[in-house]
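Here's a quick walk through how some of the chains in this assembly fit together. Have the structure open while you read.

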There are 6 protein chains.
Amino acid sequence: MVETIRIAAEKIRKLQVQGARNVAIAAVKAIQTQAELTKAKNKIQFLCELKEAQTVFVASRETEPLMRNAIRWIITQAQGVKTEKVETLSQNVVANANQFLKDLEDSKEHIAEIGANRIHDNSVVFTHCHSSTVTCLLAKAKADGKNIKVICTETRPAYQGRITANELVGLGIETTFIVDSAARSFMENVDIVIVGADAITSEGNVVNKIGSSSIAVLAHEARVPFYVVSELLKFDPETLNGECEKIEQRSPNEVWKEAPPKLIVRNPAFDVTSNRYIHGLICEEGIIAPQTIVEVMHRKYPWVF
Amino acid sequence: MVETIRIAAEKIRKLQVQGARNVAIAAVKAIQTQAELTKAKNKIQFLCELKEAQTVFVASRETEPLMRNAIRWIITQAQGVKTEKVETLSQNVVANANQFLKDLEDSKEHIAEIGANRIHDNSVVFTHCHSSTVTCLLAKAKADGKNIKVICTETRPAYQGRITANELVGLGIETTFIVDSAARSFMENVDIVIVGADAITSEGNVVNKIGSSSIAVLAHEARVPFYVVSELLKFDPETLNGECEKIEQRSPNEVWKEAPPKLIVRNPAFDVTSNRYIHGLICEEGIIAPQTIVEVMHRKYPWVF
Amino acid sequence: MVETIRIAAEKIRKLQVQGARNVAIAAVKAIQTQAELTKAKNKIQFLCELKEAQTVFVASRETEPLMRNAIRWIITQAQGVKTEKVETLSQNVVANANQFLKDLEDSKEHIAEIGANRIHDNSVVFTHCHSSTVTCLLAKAKADGKNIKVICTETRPAYQGRITANELVGLGIETTFIVDSAARSFMENVDIVIVGADAITSEGNVVNKIGSSSIAVLAHEARVPFYVVSELLKFDPETLNGECEKIEQRSPNEVWKEAPPKLIVRNPAFDVTSNRYIHGLICEEGIIAPQTIVEVMHRKYPWVF
Amino acid sequence: MVETIRIAAEKIRKLQVQGARNVAIAAVKAIQTQAELTKAKNKIQFLCELKEAQTVFVASRETEPLMRNAIRWIITQAQGVKTEKVETLSQNVVANANQFLKDLEDSKEHIAEIGANRIHDNSVVFTHCHSSTVTCLLAKAKADGKNIKVICTETRPAYQGRITANELVGLGIETTFIVDSAARSFMENVDIVIVGADAITSEGNVVNKIGSSSIAVLAHEARVPFYVVSELLKFDPETLNGECEKIEQRSPNEVWKEAPPKLIVRNPAFDVTSNRYIHGLICEEGIIAPQTIVEVMHRKYPWVF
Amino acid sequence: MVETIRIAAEKIRKLQVQGARNVAIAAVKAIQTQAELTKAKNKIQFLCELKEAQTVFVASRETEPLMRNAIRWIITQAQGVKTEKVETLSQNVVANANQFLKDLEDSKEHIAEIGANRIHDNSVVFTHCHSSTVTCLLAKAKADGKNIKVICTETRPAYQGRITANELVGLGIETTFIVDSAARSFMENVDIVIVGADAITSEGNVVNKIGSSSIAVLAHEARVPFYVVSELLKFDPETLNGECEKIEQRSPNEVWKEAPPKLIVRNPAFDVTSNRYIHGLICEEGIIAPQTIVEVMHRKYPWVF
Amino acid sequence: MVETIRIAAEKIRKLQVQGARNVAIAAVKAIQTQAELTKAKNKIQFLCELKEAQTVFVASRETEPLMRNAIRWIITQAQGVKTEKVETLSQNVVANANQFLKDLEDSKEHIAEIGANRIHDNSVVFTHCHSSTVTCLLAKAKADGKNIKVICTETRPAYQGRITANELVGLGIETTFIVDSAARSFMENVDIVIVGADAITSEGNVVNKIGSSSIAVLAHEARVPFYVVSELLKFDPETLNGECEKIEQRSPNEVWKEAPPKLIVRNPAFDVTSNRYIHGLICEEGIIAPQTIVEVMHRKYPWVF
């Protein structure tokens, strides 16, 4: 295994790379590099290297179906190439990795465009945490000439809401910033909630930053539509087999550095929003009801299963 | 007006004194001192001083019915004394202030005892922010031999949950500490939610630390009973006249010190929990349905109206 | 029985006098006239006349507790006068009738004032049908300098919403007029719903113009507070005894004049809104939870029972 | 203590006497007998006997506030008699016991009458378990000329529904009998649910036969009003102090006689229905919202506290 | 472009042709005529004419996916014909138009049959507005020997409910006619709600006559199943791309002819019912959950995308 | 028709064979035997025999889509064989019947495995009635080293819960046994509900033992996920055509042997749980949202339609 793999996996493990997209991109690029630098003598060795990389990346983070699906796809493609030549295989991996990265970027653009259509002029959008797709979507809505205001939460413990706020202010969008607990007080005047996703389960539930599911409940209480933007490849096929999406438990230090010794500090990074509270999933296929995710995947990405 | 009044009011205004109880105590003590040091020549002047102090304190903080009720009671009592002697009036104020402080302390004990009865052995209690009555109640439950665990939120932006966590750990109670956004993830295993109150409206809604009303909604979603502990004198008679309880807006700095210049940071200190989500009001009268608050006040504290 | 009684009762029966207040006023004035013109020879005859009038008015309309309570009060007062002189009794009835009419007018003012306090600046108020108290309340809010917009329904079949719309436009309030069925489409942007009442039951449910209870459900669905303005004397003591508030069935002609012969046209004038959907009852006592109505009546109007 | 007390308490303990009313009647009659047969030499001894009887009865069954309130009332009355003569005291106890028994019977009649008014002609009533007041109410409704149908559950494990079914068939009421689990399947066509009560808590929640609270939830789901008939003296003042109503755990044998040895059989006799699901409490005061119970008790039975 | 197109489009624009089906039929017939009368010299010209007609019809009404899908299908088919002969193309268009009209009629029959199966004997059906498919379905249920009663609303402002009432009375079905606001009062005794549709969104929400979504909420509140009958081709593929279904705003005159000058009269023709409130979509495929609409369309009408 | 068919059908009709799986197995085996013993002279006669058997079995029980789908499959396969030789056809039926039985057994194993993954360590599982798949799933969870506790209802009237309890105790699982009515009292501490299914409708609703739908409602009320385990072939294609799943009405004797003569005893065997209350369908495809059932069937078992 080339060093690149180890370094990338380490960065993912240490949360130096964050967000489902960034994690997937880092892994794919490392595998691309590995394929370029491969010293494998034959197909078997080459595929073996890929599998090893896969093992390392899967172990680096619990909740990252996008990364896992990306790697699975690249390996499946390589396995399907009818050649014994390592060079051909290497080119195949590089090309497919490039394709994946391009598709991912295109998806973001496409999703942003679709989502922007769903935002009415003069509306108040609520978001939580940071999602580059959500920012892109809001930028698009503004570029479409819509007058929008955004409310974003700070998103404890890691304050990713500050990244969102900075980006939105930079885009010239009127943005209001609140603590997470204030979501309900501001929900009355919200027209639409849009958040990102880290994973989608086979029932169509969405795993996203801790607090997302509360916001979904509060949006429901106030009859505010709650949308999730997500690439379809965040679908986690393991959930189909009954596995619950693992909820990463992060360091207590993020929450309280000098906590009293006997205090138990719990810091789950994500929570699960039931399909019951999700008005629509905005993905590269368009806006769909989350309940159909398995059939959509069978139609679009059958290799995922 | 004696200096004490000005100083106390200033501390209240600057949030150096916090919490409904502490604010009321500070004001009552200052008025007690004023009465002791009075230079009033006659009843009219004496009452005038009291009214002035009332005006100053009312202006010092928007949401403090307990303080306002306390002062109103002391003044009402003084007005009722059939004397022209300033000394007698001064003694009356001092005595009533003492009485009020003692009643307040007794109420806390009494409420804690009642509330502790409502906690079953081996149960998980959820709380938000800091309330000395809630801590007292939990201590009582433990002293009654009940094995309890507590989950408490950090309560952004001012982290009052850390005070609660420190107190509970100090009491030897197994305590779990989470960010506010994680409330829903932990609610599934909670047996009872107990929070304090800053004000009670005439419909029986409760004003408390920002985030309380979300927790009430989430408790309701999971069929977990949500109780509020409160002295009855936190009832705000102005709400009867249609006034909405004012929600104090605190400094943006508490939320984000180096916020980007154009970002609007909103920092409401409280929110309102509807009686619909409140399982019971634990007050010095016992556990009652919040909807009856006006009739309970008419029976117990008719002078409030 | 003087002719006045017969005429007034006939107008009430034929819906020439409408609205709980107007009906009560018409009946009280007729009884006042009867008392002035009485030819009764003694107390017994005089009271007999009053009872007869009561019977006639009760029979004239099914759902009018305000009228019934008003008459009961006047009779109770007359019965209590320690005299045999018809003249004294007559004066007593005239005086009490005047008192009732004045109290009713004062209540309206008082309720309007309380309700106006509950309306925030820059808010959208939703109302249904026509209630002079609601119009008065909105006028007050505007006079208080608040910028308000109102949405009102046409209120089929009798189009009382047009009266409301005319009054509001006359007051210079920006008013939007919609068909009843459009309530849900506009509810998303409403800040508060305020409607009148025809009767209040012992559980705290409210009888009001057909369609009110749907609006309450839709307000609840969108977390919009739903308030009812009502004099406490619209409380119907018969409901305490289990009687259901009778729902008047009006003429099918109001709905469809040339309906096909075999079609069953049903035209109930009122419906019942459960206390569960009522955020507060705005009455002369202030804003209260509707559940406490029986205790409030015992405290304020014990003669009602 | 006379033998009567021991025997009566034993019957209560062994469930040979069942139902809140029957238990209270048995205890009151035993105390009456005790007073008649008393050998007490003086007031102190006499009161001592009463207190002893109280202790025995309180210990005989956990959830019986009606019995406890009855005994408390008799003792309070005896204590208040200004005499030292045992004979007078004995007469007082006998008279008050008679009074209580008569009031209880009158309450049942009165409640039945009120409740019968609430039943519309041609309606389907749903009931659970057996309550003599409910049977009386249904008989009254039929006697009033109303055409009613009743659905009643068998009420496992003790099949009290069979008693209800027998009584109703005896009254000539068309009755449908179902297993408890079928409640939801039949709820769609129900017009009103009416059940009895064993205890009422200070928040206005109702303790009744296991399964009642599920039926309340299912009635709520189908927008069917759920009424509880109950004498006010089933109010349990201990709940005001935070005590949870004890839920009696009955013998596993009632559920499954030959259960496998390691199986844990749980047999709680009651459950708690939240005031949220109760449309009205039909009591001797009329139909009230359960939330006001504490204030109603203060007005009607202040000695209870 | 032949005159027929202009005339048909004008009628649609002026609401002289109403209802999704009628609008689609009018447009298809006009295009059929155009194809028959075409003077196009070659394929390009012929297709150009079709596109022009498409543009005119799309502009004639905002919310008509059935019409738009029909035209798209005819054009797609014509484009696919491997010929340059205008005559062949013309025949193709005529044939496909006929096919579409026949399929549409067959769908109605088929849907009516399926829906009629879902109606139990002796049940009360609630409907809103006018839908020829619903009438057909009810006629079928009656023809199947089922004893049904129907409640229908008048459907302000255009009173389409009168058309429904006339048709049902004509069919000998016992029909009750009410104002829109009375829906909740009658919902308690309803067994099933069935309405038509103007459009279906990609999430499975349904656009139908204003008021439909309120009825869905009220049906849900009373646990009454709410069904929508609709041809699958009312699915609007633009919603997949984020476009919100446009809600046509009709003339204020329909609501109030002599409205006061400053009054804002709003007259939206449709509203959106969330899939959450829809028990089933009765379409030519059978009864399906609305959430799956996108996958069903991909299987049945892939050319729609 | 061979005797085997008649006997098997009779056993099914008399409830001597119970449970969707057992019924299907009995029918398939009988058809297998029939095919082995066939005296048919040609293909037509052979297929005729099969059709006859189908008719007999369909008539033997109302709610058994699994059996009906199994028979349809075997017949469809036989019809497709390109031969006229009876022997070949007979072998085909025997082989397909074996295949079906094996697939059914494999499905159970597979479903149990998937479902076991969804159970967390240290969790409390609630179940109702008896399902061999649920028992198998719980056994698997225990075998996977998970510490689980189970609560099971007795399931009146036929006490199938006792079978479940016996099996679980036999497996060494800590099991609590309660009456059906106690479900709500125990739901607060439940982590997951898992029940079986008798049929799945085209909307994704589930038909299962009477009481299941109440438990679903109560689980929803307490935010406890409710899962259904089911082979996909329990899908009933007739529901697509609008047919309501027939609810079998069993003998009143099961409920009350000595019921009074005029009492109507109703004993429906099943009820319908709406997809709204089902968190996931655990089938051989994995865990899916029930709303997609029609599309899943089209992908997996297209011959069903």
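Which residue of chain F forms a salt bridge with R156(D)? The partner is E154(F), and the closest N and O atoms of the pair sit 2.5 Å apart. Keep in mind that this is a predicted model.

## Where F meets D

That bridge isn't alone: the count between chain F and chain D is two salt bridges. Add to that 15 residue pairs in polar contact, with both residues at pLDDT 80 or more. On chain F, the side that touches chain D draws at least two residues from each of these elements: α7 (160-170), β3 (174-178), α8 (183-187), α9 (212-221), β8 (264-265) and β9 (270-273). Sort that side of chain F by class and you get 22 nonpolar, nine polar and 10 charged residues.

As for the extent of the contact, 41 residues come from chain F and 41 residues from chain D. Together the two chains bury about 3,500 Å², with 62% of that on carbon and sulfur atoms.

## Strands across the boundary

Strand pairing also links the two chains. Strand β3 (residues 174-178) of chain D runs parallel to β8(F), and two bridges join them. If you want a spot to look at, find T176(D), which stands opposite I264(F) in β8(F).

## How the copies are related

Try laying chain F on chain D: a turn of 180° plus a shift of 0.1 Å along the axis does it, with an RMSD of 0.1 Å. The two copies are thus related as by a two-fold rotation axis. The contact surfaces fit that picture too: 100% of the interface residues of chain F are also interface residues in chain D, so the copies meet through the same surface.

Chain C goes onto chain D with another turn, 120°, and a shift of 0.0 Å along the axis, giving an RMSD of 0.0 Å. This pair is thus related as by a three-fold rotation axis. In chain C, the C-alpha nearest that axis belongs to T292(C), at 3.4 Å.

## A sheet inside chain B

Now for a sheet within one chain. Chain B has an open sheet of three strands in the order β5-β6-β9, paired antiparallel. Its edge strands are β5 (199-200) and β9 (270-273), each pairing on one side only.

Between β6 (residues 206-209) and β9(B), the antiparallel pairing spans four bridges. Here V207(B) stands opposite V272(B) in β9(B).

Note on methods:
Residues numbered from 1 in each chain as written. Chains lettered and ligands numbered in written order. Predicted model: local features only at pLDDT ≥ 70, side-chain atom pairs only at ≥ 80, totals over all residues. Heavy atoms only, no water. Least-squares fit on C-alpha atoms with pLDDT ≥ 70 in both. Contact = heavy atoms within 4.5 Å. Buried area = accessible area lost by both parts, 1.4 Å probe. Salt bridge = Lys/Arg side-chain N within 4 Å of Asp/Glu carboxyl O. Polar contact = N/O pair within 3.5 Å; in protein donor to acceptor, adjacent residues only side chain to side chain. Nonpolar A, V, L, I, M, F, W, Y, C, P; charged D, E, K, R; others polar. Pairing = 2+ DSSP bridges.
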